[in-house]
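Welcome! Here are a few short exercises to work through with the structure open beside you. Try each one before reading its solution.

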Amino acid sequence: MSTILISGGTVVTASGTLDADVLVAGEKIAAVLARDVTGAGEAAVAADRVIDATGKYVLPGGIDVHTHMEMPFGGTFSADTFETGTRAAAWGGTTTIVDFAVQAKGTSLLATLDKWHAKADGNCAIDYGFHMIVSDVNDTTLKEMDACIGAGVNSFKMFMAYPGVFYATDGEILLAMQQAARSGATVMMHAENGIAIDQLVAQAIAAGRTDPVNHGLTRPPELEGEATSRAITLAKVADCPLYIVHLSASQALAAVAEARDAGQNVFAETCPQYLFLSLDDLARPDFEGAKFVCSPPLRPRDHQDSLWRGLRTNDLSVVSTDHCPFCFKEQKELGRGDFSKIPNGIPGVEHRMDLLHQGVVAGQLTLPRWVEVASTTPARMFGLYPRKGVIAAGSDADIVIYDPQARQTLSVATHHMNVDYSAYEGMEITGRVVTTLSRGRTVIDDGKYLGAAGHGAFLPRGLNQYLL
Ligand code: URP
Ligand code: ZN
Ligand code: ZN
C-alpha cells in the first residue's frame, strides 16, 4: 500500500487549526501527526512520497451537496457531464458531489435511479452520491421512497415552484414528508410560491417586459419567504427533517431561524451566487443578464449581509453551488425575447471553495467555519461522516492543499467547467487549490489534472447525522 506524507502544513478542520503532518496510506488517512509532539520527521522517511505543504492549508475535501450534471431542464440539458463536472469540481477542491436524480412525471423512482447511475458510473473523477427529485407523488412513488433509502439515497427534493414541471401541491408534499419521516429521511425543498410567480410572469410577458431582469422581478423575495414558512409548517405537521435548498432571501432566512429557535429540525443552505452576485447582474444589458438567471433569482445586494450573518449563526449550515450550467450560446439564448424561456441555472462547482475563502479573507467567516460549511456539515447532513468531511485517522484521504496567498482571476478562459461563460468573469481572488487528493489518489497537482474518469465511486449514504 503506498503512503504519502503531507508535511509542514496547517490542518484546518471544523473544530480548529493544527500544525500537523498528515499520513495517507492507500485510500485512507492513517495518522494526523501534530508537529510539536510527535517528531513527524520519522514518518517522512517512511512515506513513499512527501508533499511539502509549508505555508499551505490542509483541508478535508469540499463536499458540494447540490449539483446538476446532465440535467434535463427547460428543453435542454445542463452542459456539464458527470465527467467534465466532477473534473472541474476537483480543480476547485471539491472531492464529493451529491447530484440530483430527476423523476420525470409518470416514471418510477427506481428506474430514475438506474438512469442516473448509468450516467455517472465509470465517468466521475471524484466520489458522488444522489438525492432524488420527486415530481410525481402517487402510491407507487411513496412506496419506492423506502427502496431509494435502501439504495443509499435518503434525501428527496420537492418543488413548490415550476407548476406543470416539478411542482407538487401542499397535499403531495405532506404525503411525501410523512413517508420520509417514517424512515428518518430528509425532504429538501425548493421554496418559492410557483403558482403566484407564474401569474407575475404572465403579466410581465403580456406587458412586453421580456428582458432577463424580469426573471428576478417576477420572483420577489416575499414569495420565497412565504413558501419557506409553508414548507416549515408542513414539515412540522409531518414531523419530518427539512432542508431548504438554495436559500437566497432574508425573508426565507428569518423563517428558518424562527423554526430553528423553536427546536424544529429545519436546515438551510445558500450558494455563492447569492453571496457574491445580485439583481444588478440580472439587469446587465444586451441579454447578458441571461447568464445570471437561476431560481430563486439573484437578489438586491442588501440580502447578502443577512446571508453571511446566517452562515455565522448556523441558521445557514451549508454552502453548495446548485451548479446547473447552460451555455450562453444556444442554451441561455432560448429565452431571447421571453425571459421565462431562459434555462434556469448558474455554473459554479469549480469555484465554491475559492469564493468562500474570500469570505475568510474579508472576515465574514473564520477558517474553521469555512471548512464546516463547505465540507464537515454537508457530510453530517447527508450521512457521509466521518468517512468524508474531516481530516482524521480512518477517514477517506480526500484532502485539499490550499495556498491562501495565491492570486487568481476567475475566467471562462481558465475554468474547467464545460460552459462558455463565467458568472464571475474577471473577479480577482486570493487563494487557490494546489493539490487535490481523492481517496489517496492525486487528482490535481500544481496546475495539472492527474485524475481519471471512473476513479470516483458511488457513495451510498446514511441518514441525517445533524438532527437537533
Ligand atoms: O436555477 C436553478 N436553481 N436551477 C437548477 C434547478 C433547481 O431548482 O435547483
Ligand atoms: Zn431548486
Ligand atoms: Zn438545484
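**Exercise 1.** How far does a polar side-chain atom of His-66 lie from an oxygen atom of ligand 1?

Solution. Keep in mind that this is a predicted model.
- Step 1: Pick a polar atom in the side chain of His-66 and an oxygen atom of ligand 1; the two are 3.4 Å apart.
- Step 2: Compare this with the cut-off for a polar contact, a pair of N or O atoms within 3.5 Å.
- Step 3: Look next at how the protein surrounds the ligand: it covers 100% of the 260 Å² of accessible area that ligand 1 has on its own.

**Exercise 2.** Find which residues come nearest to ligand 1, and sort its shell by class.

Solution.
- Step 1: There are 14 residues around ligand 1, and Lys-157, His-190, Ser-295, Asp-322 and Asn-344 come nearest.
- Step 2: Zoom in on two of them. His-190 has a side-chain N or O atom 3.0 Å from an oxygen atom of ligand 1, while Asn-344 uses a backbone N or O atom, 3.0 Å from a nitrogen atom of the ligand.
- Step 3: Sorted by class, the shell holds five nonpolar, seven polar and two charged residues.
- Step 4: The space that ligand 1 takes up is the largest cavity.

**Exercise 3.** Locate Pro-368 and describe its surroundings.

Solution.
- Step 1: Go to helix H15, residues 367–381, where Pro-368 is found.
- Step 2: Setting aside neighbours within four places in sequence, Pro-368 contacts Val-12, Thr-13, Ala-14 and Gly-16.
- Step 3: Now turn to Ala-252: it is 116 residues from Pro-368 in sequence, and their C-alpha atoms are 26 Å apart in space.

Notes:
Residues are numbered from 1 along each chain as its sequence is written. Chains are lettered from A and ligands numbered from 1 in the order in which they are written. This is a predicted model: local features need pLDDT of at least 70, side-chain atom pairs count only at pLDDT 80 or more; totals for chains, interfaces and linings use all residues. Side-chain values use heavy atoms; hydrogens and water are left out. A residue is near a molecule or strand if one of its heavy atoms lies within 4 Å of it. A polar contact is a pair of N or O atoms within 3.5 Å; within protein, one must be able to donate a hydrogen and the other to accept it, and residues adjacent in sequence count only if both atoms are side-chain atoms. Accessible areas come from the Shrake-Rupley method with a 1.4 Å probe; for residues, only the protein chains shown count as cover. On a 1 Å grid over the protein atoms alone, a cavity is a set of points where a 1.4 Å probe fits but cannot get out, and a pocket is an open set with protein on both sides within 12 Å along at least five of seven lines; lining residues have an atom within 4 Å of a point. A molecule sits in a cavity or pocket if more than half of its atoms lie within 2 Å of its grid points. Ala, Val, Leu, Ile, Met, Phe, Trp, Tyr, Cys and Pro count as nonpolar, Asp, Glu, Lys and Arg as charged, and the others, Gly among them, as polar. Helices (H or I, at least four residues) and strands (E, at least two) are DSSP runs, numbered from the N terminus. Contact means heavy atoms within 4.5 Å.
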